[in-house]
Amino acid sequence: MSQHNPVKLWRFHGGVHPPERKELANSTAIRSLPLPTVLYIPLRQHIGVSGNVCVKPGDRVLRGQALTEPGVYGGLPVHAPTSGIVGEVIEHPSNHPSQLPEPVLPISPDGQHEAMSFQALTDAMSLSPLKLIQHLHNSGVAGLGGAGFPTAQKLSQARNIELLIINGVECEPYIVSDDRLMREHAEGIIRGVTLLQHILQHEQQQPEAIIAVEDNKPEAISALRAALGETHSNIRVQVIPTLYPSGGEKQLIQILTGKQVPVRGYPADIGILMQNVGTAFAIAAAVDKGEPFMERVVTLTGEAFQQPGTAWVLLGTPIQHLLECGELNPSEQQRIIVGGPMMGYTVADPLTPIIKTTNCILAPTAVELPAAENESPCIRCGMCEQVCPASLLPQQLQWLAKAKDHEGLAKHNLADCIECGACAYVCPSEIPLVHYYRKAKAEMREERIEQQKSEIARLRFEARQERLEREKIERQERHKKAAEAREKALAAREKQAASDDTTPAADKGASDPIKAALARAKAKRALQQEQQQEAQQPAPAATDIDPQKARVAAAIARAKAKREAMAAEASNAAKTEQPGDNNES
Amino acid sequence: MSFYIASSPHSHQRRTTHDIMRLVLLAMVPGVIAQLYFFGWGVLFQLTLAISVALLAESAALLLRDRPIKPALHDYSVVVTAALLAISIPPLAPWWVVLVGTLFAVLVVKHMFGGIGQNIFNPAMAAYVMLLISFPVQMTAWMPPAIEGYTAPGFMDSLWLFLTTFTTEGYSLEQVRLVELSGSFDAMVMATPLDYIKTELSQGYTLSETLQSQLFSVFAGAGWQWVNFAYLAGGIFLLQQRIITWHIPAALLTTLGLFAIIGTLAAPDTLPGFNIHLLSGGAMLAAFFIATDPVSAATSNKGKVLYAALIGALIYIIRTWGGYPDAVAFAVLLANLCVPVIDQYTRPSTYGHGGAA
Amino acid sequence: MIWLTGIITLAIMALVFGLILGFAAVRFKVEGDPLVDQIDEVLPQTQCGQCGYPGCRPYAEAIANGDDINKCPPGGEATIQKLADITGREAKPLDAAHGVEDTKKVAYIREDECIGCMKCIQACPVDAIIGATRQMHTIIADECTGCDLCVEPCPVDCIDMIPVEAKTERWRWDLNSIPITVVNTVEAKTAAAKNEQEQP
């Protein structure tokens, strides 16, 4: 087990200090909100596949009832956050920058907020890690740090974890969800950490746990330390200097351990696992109270809100409800940003639902966060390279992205960009760098997919050509064989006729006509049979039932008429050919 | 109404190119004041004409290229180019010298290569070299500094010299120089300290004898040392404001100083020490204002160090063994040529790819 | 006589250098991709025939022999640009006589109407239709290239070309494609709530 010196911290390359603006929302406790009039529960709120819906439209569901079940590929279930009537699955704008429609299950709350009886896991520490992981899967717990990876999957794939890092850094400005959670529910978080340590144990050793918090959250730090007390010797709270983006997984690992996650690898490859404090809290609630994951802390912040703060929000709540509860006073060109000012995305549809990964709704005024509209040419000042936490060359990436040079982008490691926005933040020419990178990444991905598809199509086409060749040759063989057989039969008949001629002339007259007639008839029959066999081979025997035939004929006639009409419309001058003529089956 | 759609990040630090360039101009002020004090009014006329011509030329070029004019002028980049050129040429050079130089810098070196952010060469230095080679007489007519009883020509005289190459009384610039110089200095003296050292050494005098002249003061050349100190002060201001990073000035001055120290140790009689080199000519100006021009310099920090070290080395080499007394412009242009290769081989190693953290 | 030595020297030099160059040309020869293969790599392999040739390979061979590069609608502008890079010819806009660039489509058989005639299966250039005589036919959506060749032969006209559904994982970050939602309710509601508060 590696030793982690409590005092030594490393630094990652770059980083910026945007104005923190935490005081807007962090001074009031997490509040509860009134029930919205409708909830839109997306069937998929995580990375992975969605489950199969297991309730019918019109069913009444209770709070905590599972709405989907895993299905063949193991999708994470979603649960009803409140009691109400389930509607039909509809396509609804997703909580994604594209706002593309995705399947959503609407629930009309009945106001009673009646919960089902939850089955807590008693004496969790005596249960096997596998059982706990299964329970977390059924509770629908996903990573709350932003990506939404199913926690159970992450834990079950982790091997030989020596260090568990609990991410309470919350480096992005404005967001205070984790801050308030740590202040008010430190015990729950610590409990979640101990559960995680139990789950991740290997060879009877539990991994050491570090809860990392930025130094701009002194109350959270003292709350966590107080909750820890003296009892947990292998969990400690580590304070790190405030710097954006210290909370990024790769950057935090580098700060705490000095190691870098290998490219295309995972932290588990170097024995480290990271979870958000919110995830730890959800794990504790799932195990100790049997509560599935149904609600989360969301920060409502930005000067456009008259009532900013944090709130427990039911999953599936439309953003509009939050805008009303926070008393949004919209200004010119009002933006509604899901997430923080550095990495959040805007949404245009106020009915967009809150999902498991939504940690903040930011509604800034135009004066507070002016939109950067004036892109000027790059003056090669190099400030972007100074601040990039992944040690990339954003300037070069920008030139290459504008030139659509995909090879160059791959060589300059565009794939390692974590899209933190530090480069675009400092750019004096106000170039939307991250936007160019996202577009370039999407283009490269699409090109790769198209390339793979066309390769497969080519292989299939060539295989088909081979098959047709093969069938043609076989057919030719058969014809040849049949021709040979025919010739042989003909030769045999002639021979037979010649041998018949050797009988005495007297007998010929009497038996001849009969025999000759018999022989003639036999030969004719044989020939007919051969011909029939030949004719039958390529074509199937027709044994149509009459009604089927009538239907087919009717459909054919319909199609023919349609085609004739279209053809007549399309060409006046050219000769119109009727394709239906050639297709009599 | 509908909610506005934008791409992240939604927060930006508020310093644009406009602010950066204006701070650079501010940092040049102490140096300009020093030049005004020691060398007279000429630098003001050069600055005025250069900046006006630059703005007009930039507008014309953008019009021809069908680009928006206001944002380009607003970012002050062409003003900085013009100012750097204006303070580099002799203060009393005729008006057409700075005119031709500015037009060349803006139209040819900047816009013909693609406009802002695309020029390979530093426009001010490329224009300086063009002027030096084309008009050697006017570009080497430096006045001695205002010390020991010598005063620079007055305002009207300077203006007339600038516009007509004659004073109000009809004396040419050469006559003014000889008249004044013969009063306080040896008749054969050439004005800049580096110039003087070069000619004296070529005539067989040792360095220590050369340095006895009144042209030299406590640290280095009289007058010139204060101008360089003033630019050093401006440069430190830029460092403090985080407009530039320490890599280029430190690498340039260290390399130049190192070469100078080695030279002095090797040949104390003929090679000037690092104090002369660092405080003469355009050394400080180059370190903080010219080599740090972001467009023509290398990109990564490692690259910048290499680039600036190359400039420092070339300055020393050309000053000592080359044909021209001051070598900043040539050194910068040669290093500009090497920037693509430097960039290629000094790419920072990306996180996770196994390089040093 | 000195001019004679000059000529002889130059002739010998020419011979020596010629030999060196010839040797290098053979010894260090780089086996490049034949042009036809490079072009075929870039074409989308839908084998639709819209370019006028029976498949992508014949079109690749035609381009190598000088035919225009702007005849492939499924490839679109991106393919024309790549062909321009490979062949060194100018990238012209897509020739409308051969079709227009359209969103990617996939064929779909309305199974109620299918009569099992095998015509579409014979037509599909990548064998993306499963079925047998008088058995149900269906399209393998993942293998369908959207070439459109199965629609014509179907005697009952039961094949539709439907656009591929856009998914969030395949989004190209085109901000202009996000649908604008007109919002009146938020302002009105908050204003109404405010009014209510002011008038208890």
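This presentation goes through a predicted model with chains A, B and C, beginning with the overall form of chain A.

Good morning, colleagues. Since the coordinates come from a prediction, every value that I quote is computed from the model.

Let me start with chain A. Its secondary structure comprises 15 helices and 17 strands. The radius of gyration of chain A is 37 Å, whereas the globule rule gives 25 Å for 585 residues; the value is well over that expectation, so chain A is more spread out than a compact globule. The dimensions of the C-alpha trace can be set beside this: along the principal axes, chain A spans about 135 × 65 × 55 Å. Of its 585 residues, 45% count as buried. If we take the contacts in chain A with a separation of 6 or more, 72% are accounted for by residues 24 or more positions apart.

I turn now to the interior. Which residues have the most contacts inside the largest nonpolar core? They are A:Ile165, A:Ile166, A:Ile211, A:Ile283 and A:Ile361, in a core of 138 residues. Helix α7 of chain A, residues 277-288, gives the most to this core, namely 9 residues. The core also draws on two domains of chain A, with at least three residues from each of domain 1 (22-362) and domain 2 (376-494). As a general remark, nonpolar side chains in soluble globular proteins tend to be buried together.

Consider A:Ile283 in more detail. Beyond its neighbours within four places in sequence, A:Ile283 is in contact with A:Leu136, A:Val141, A:Thr151, A:Gly192, A:Leu195 and A:Leu196. Apart from this core lies another, of 111 residues, which includes B:Leu253, B:Ile276, B:Phe288 and B:Phe330.

A second residue of chain A deserves a moment. A:Ile199 belongs to helix α4 of chain A, residues 186-199. Is A:Ile199 buried or exposed? The threshold for burial is 20 or more other C-beta atoms within 10 Å; A:Ile199 has 28, and is therefore buried. Leaving out residues up to four places away in sequence, A:Ile199 touches A:Pro129, A:Leu132, A:Ile133 and A:Leu155. Its C-alpha atom is separated by 9.3 Å from that of A:Leu127, although the two residues are 72 apart along the chain.

In chain B, I would single out helix α6, residues 123-134. At 1.5 Å a residue, its 12 residues should span 16 Å, and the end C-alpha atoms are 16 Å apart, which agrees. The buried residues of α6(B) are B:Pro123, B:Ala124, B:Met125, B:Ala126, B:Ala127, B:Tyr128, B:Val129 and B:Leu131. Among the elements of chain B that cover them are α4 (77-88), α5 (95-111), α7 (136-139), α15 (283-290) and α17 (328-345).

Finally, chain C. It is divided into domain 1 (35-98) and domain 2 (103-165). Taken over C-alpha atoms, the centres of these two domains of chain C are 25 Å apart. How many residues of domain 1 of chain C are in contact with domain 2 of chain C? There are 7, and they meet 7 residues of domain 2. On the domain 1 side, the touching residues divide into 2 nonpolar, 5 polar and no charged.

Chain C also meets chain A, with 34 residues of chain C in contact with 37 residues of chain A. Helix α6 of chain C, residues 185-198, supplies the largest share of the chain C side, 5 residues. By class, that side has 15 nonpolar, 9 polar and 10 charged residues.

Thank you for your attention.

Conventions: Residues numbered from 1 in each chain as written. Chains lettered and ligands numbered in written order. Predicted model: local features only at pLDDT ≥ 70, side-chain atom pairs only at ≥ 80, totals over all residues. Helix = DSSP H or I, 4+ residues; strand = E, 2+ residues; numbered from the N terminus. Rg over C-alpha atoms; globule rule 2.2 N^0.38 Å. Buried ≥ 20, exposed ≤ 12 C-beta atoms within 10 Å, placed from the backbone. Contact = placed C-beta atoms within 7 Å. Domains from an automatic or database assignment. Nonpolar A, V, L, I, M, F, W, Y, C, P; charged D, E, K, R; others polar. Expected span 1.5 Å × (residues − 1). Core = buried A, V, L, I, M, F, W, Y, C linked by C-beta atoms within 7 Å.
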